[in-house]
Each structure stands twice: as structure tokens, then as C-alpha cells.
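Hi,

Here is the structure I said I'd pass on. Have a look at it first, and then read my notes underneath.

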Amino acid sequence: MKDLVKVDTISQYNELKEIPTRHPLITAFDSSTARPLPSGNFSFGFYAIFLKGVNCGQLQYGRNNYDYEEGTLVFMGPGQVVGIKSQKDYNPKGFALLFHPEFIKGTPLAANIHRYNFFSYELNEALHVSEKEQQIIKELFLKIDYELDQNIDKHSKTIVANNIELLLNYCERFYDRQFITRENLNKGILSNFEKLLNEYFHSENPTKLGLPSVAYFADKLNLSSNYFGDLIKKETGKSAMDHIHLKLIDIAKEKIFEADKSISQIAYELGFKYPQHFNRMFKKETGITPSEYRSMN
């Protein structure tokens with residue numbers, strides 16, 4: 001990417017923001033007291049959580065633009081790229097927490113961090129929090145900030161990591177609430193997902209492209225894979241991959257009735273490279289093999 005600025009360490013980031021480095025692996029600060037970042041494209045080597053306090057201009061993340069509003073929580077994981085496209089230098093009011101993966105090594109959070117899918121959501125999938133929810137988030141930011149001002153002792157890392165995990169657990173809850181409050185929008189996404197599934201398996205795509213992935217449908221719906229997967233799971237109780245498999249089996253059952261086609265031919269038409277993989281999936285989903293299903297019907 002053109003003019004990509006890689007910021008791999010907390011110290012590098014603090015230097016850009018002109019704030020003191022109290023700990024080499026974690027930083028927390030009030031954005032209004034820090035220097036604005038210049039416009040450009042940035043790649044961070046750490047986890048970042050930003051609570052925006054005011055409307056603060058347009059950013060670009062992936063292929064989408066996003067205008068922040070007051071009470072927006074944004075999450076970024078290591079290696080992700082964000083482009084700042086504001087006309088003026090970017091200096092939103094609010095709170096920021098950044099921590100390097102090395103900071104949480106050896107803590108329970110290190111084993112659980114992968115489950116917080118929102119670190120790989122796109123900016124237009126940010127979390128919008130109410131005033132009460134903002135207060136909870138701010139209090140946890142301030143507790144972490146307080147710990148960073150204290151002399152480091154044997155309890156410091158555990159206390160800070162526990163507070164980060166509590167913060168992330170609250171955010172997980174708030175995202176669940178957001179999925180529910182956007183029910184009408186979500187139903188539109190579900191409907192379009194079903195339409196795309198039908199179109200895919202009734203086209204030449206399976207033979208040309210193979211079996212579809214969750215990422216394929218997420219891209220068609222202009223969503224990140226993790227956000228799309230979480231939305232489908234929250235709305236239906238089944239994963240997006242479960243839906244793909246169920247649709248595939250439905251189509252397979254239709255094709256099995258075409259007596260002039262062999263099971264191997266059907267497998268290739270559905271996008272399988274090897275017929276035995278089709279046989280294995282069909283039996284897993286139905287309890288019987290494709291040949292047994294054909295003979296029974």
C-alpha cells in the first residue's frame with residue numbers, strides 16, 4: 001500500500017502522539033491531550049481500542065469509509081491497516097487503549113483473545129454505545145490508566161489484563177445488544193444471504209470456483225467475515241458455514257434424483273474436488289451416503 005506507515009511498538013505510537021511511554025507494551029490516554037496523527041495509511045502491530053467522544057471526520061478501513069459519531073467504539077487487531085482521510089489532522093476526543101500481544105502473554109486473556117472477533121471487524125461495523133454503556137467503558141479505561149501510573153509490582157500485569165478482559169466482555173455484551181437492536185437490518189442480510197446461496201449453487205460457480213467460503217458471501221454483502229459470521233450465528237443459532245452446508249445438502253438431494261448422473265458427477269457439479277469428500281459430508285449431515293439416499297428414494 002502506498003505510503004503505508006508501520007507502527008510496530010507502543011513506544012513508536014506514543015512518539016507519534018507525543019505522549020509519555022509509561023509501559024513499553026501498553027498505553028492508555030485521553031485523545032484530547034495527545035498530538036493528532038497525520039493523514040495517511042497506518043498499520044499497527046498491537047491491539048487498539050478507541051472510544052470516540054465527538055464526531056470526528058472520515059476514516060477508511062478496508063474498502064469502506066466511515067464517519068465516526070459520538071459514543072463509537074472501534075477495535076483494531078495487529079497487522080490491520082487504517083487510512084485517515086480527514087481534511088484536517090485526525091484528533092478525535094475520547095479515550096484510547098493500546099496493548100501489544102506480548103503484554104498479555106501468560107495471562108488467561110492470551111488464551112481467550114481470539115474469541116473477540118470484533119478486533120477484525122471493519123470500521124463501518126463499529127460498536128455504538130449508549131451513555132450508560134459509555135460510562136462503564138470509561139471507568140475501565142480509567143482503572144487501567146490508574147494502574148499504569150503506579151509503580152510496577154507483581155500484581156500490575158494481572159490487574160491490568162483482568163480489566164482489559166472485563167472491558168472486552170462488556171463490549172461482547174454490547175455487540176449482542178447491537179445485533180438485536182438492528183434486527184430489521186439483519187433480516188435483510190439473512191434474506192440476501194439465502195438469495196446468494198441459491199444463486200451460487202444454481203450457477204456454474206461450483207464447477208468453476210469450487211465450494212463457496214463464508215468470506216465469499218461476506219464480501220458480496222460488504223461485511224467482514226467475522227462480523228457476518230457473528231451476525232448469522234446470533235440471528236439463527238447456526239454458523240454461516242452450517243447454512244452453506246445445509247444448502248449444499250438440499251441441492252445435492254435434488255441432484256441425486258437425477259438418475260442419469262453418477263454420484264461422482266454430482267459431487268463435481270457441487271464444487272467438490274474429490275467425490276469421497278462429498279460422500280463424507282453428505283453422510284455426516286444426513287446419516288446415510290448419497291448412494292443409500294438414492295436407493296431409498
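**Two helices side by side**

Helix 3 and helix 4 are roughly antiparallel to each other, because the angle between them is over 145 degrees. To be exact about the packing, that angle is about 165°, and the axes of helix 3 (residues 131-148) and helix 4 are 10 Å apart. Their crossing is left-handed. On the helix 3 side, the residues that meet helix 4 include Ile 136, Ile 137, Leu 140 and Ile 144. On the helix 4 side, Ile 159, Val 160, Leu 167 and Phe 174 are among them. Some charged residues take part too, including Glu 133 and Lys 143 from helix 3 and Arg 177 from helix 4.

Before you go further, please keep in mind that this is a predicted model.

**Tyr 175 and the aromatic rings**

Stay with helix 4 (residues 156-181) for a moment, since Tyr 175 sits in it. Is Tyr 175 buried or exposed? It is buried, as its relative accessible area is 3%, under the 20% cut-off. Leaving out neighbours within four places in sequence, Tyr 175 is in contact with Phe 75, Phe 118, Tyr 121, Glu 125, Ala 126, Leu 127 and Tyr 227. Val 7, on the other hand, is 28 Å from Tyr 175, C-alpha to C-alpha, and 168 residues away in sequence.

Tyr 175 also belongs to a cluster linked by ring pairs, together with Tyr 47, Phe 75, Phe 99, Tyr 116, Phe 118, Phe 119, Tyr 121, Phe 179 and Tyr 227.

How many aromatic pairs are there in the model? The count comes to 29. One of them joins Tyr 200 and Phe 217: the ring centres are 6.1 Å apart and the planes are at 65°, so this pair is edge-to-face. Tyr 200 is in helix 5 (residues 183-201) and Phe 217 is in helix 7 (residues 214-220), so the pair ties together parts that are 17 residues apart in sequence. Both partners are buried, with Tyr 200 at 2% relative accessibility and Phe 217 at 0%. Phe 217 pairs with Tyr 216 as well; here the centres are 5.1 Å apart and the planes are at 90°, so this is another edge-to-face pair. Tyr 216 itself is partly exposed, with a relative accessible area of 24%.

**The sheet**

Now for the strands. Five of them form an open, antiparallel sheet, in the order 2-9-4-7-10. Strand 2 (26-30) and strand 10 (127-128) are the edge strands, each pairing on one side only. Strand 2 is joined to strand 9 (residues 94-99) by five bridges, and the two run antiparallel. Within that pairing, Ala 28 has Leu 97 as its bridge partner in strand 9. Helix 1 (residues 10-17) lies across strand 2, strand 4 and strand 9, and runs at about 25° to strand 2.

Strand 4 (residues 47-52) holds Phe 50, which counts as buried because its relative accessibility is 7%. Phe 50 and Leu 97 are 47 residues apart in sequence, yet their C-alpha atoms are 6.5 Å apart in space. Which residues does Phe 50 touch, if those up to four places away in sequence are not counted? They are Tyr 13, Thr 72, Leu 73, Val 74, Met 76, Phe 95, Ala 96 and Leu 98.

Cheers

Notes:
Residues numbered from 1 in each chain as written. Predicted model: local features only at pLDDT ≥ 70, side-chain atom pairs only at ≥ 80, totals over all residues. Heavy atoms only, no water. Helix = DSSP H or I, 4+ residues; strand = E, 2+ residues; numbered from the N terminus. Buried < 20%, exposed > 50% of the residue type's maximum accessible area, 1.4 Å probe, protein only. Contact = heavy atoms within 4.5 Å. Pairing = 2+ DSSP bridges. Axes fitted to C-alpha atoms, helices over the stretch in contact; angles between N-to-C directions. Phe/Tyr/Trp six-rings, centres within 6.5 Å; stacked < 30°, edge-to-face > 60°. Parallel < 35°, antiparallel > 145°, perpendicular 65-115°, else oblique. Left-handed = near helix turned anticlockwise from the far one by under 90°.
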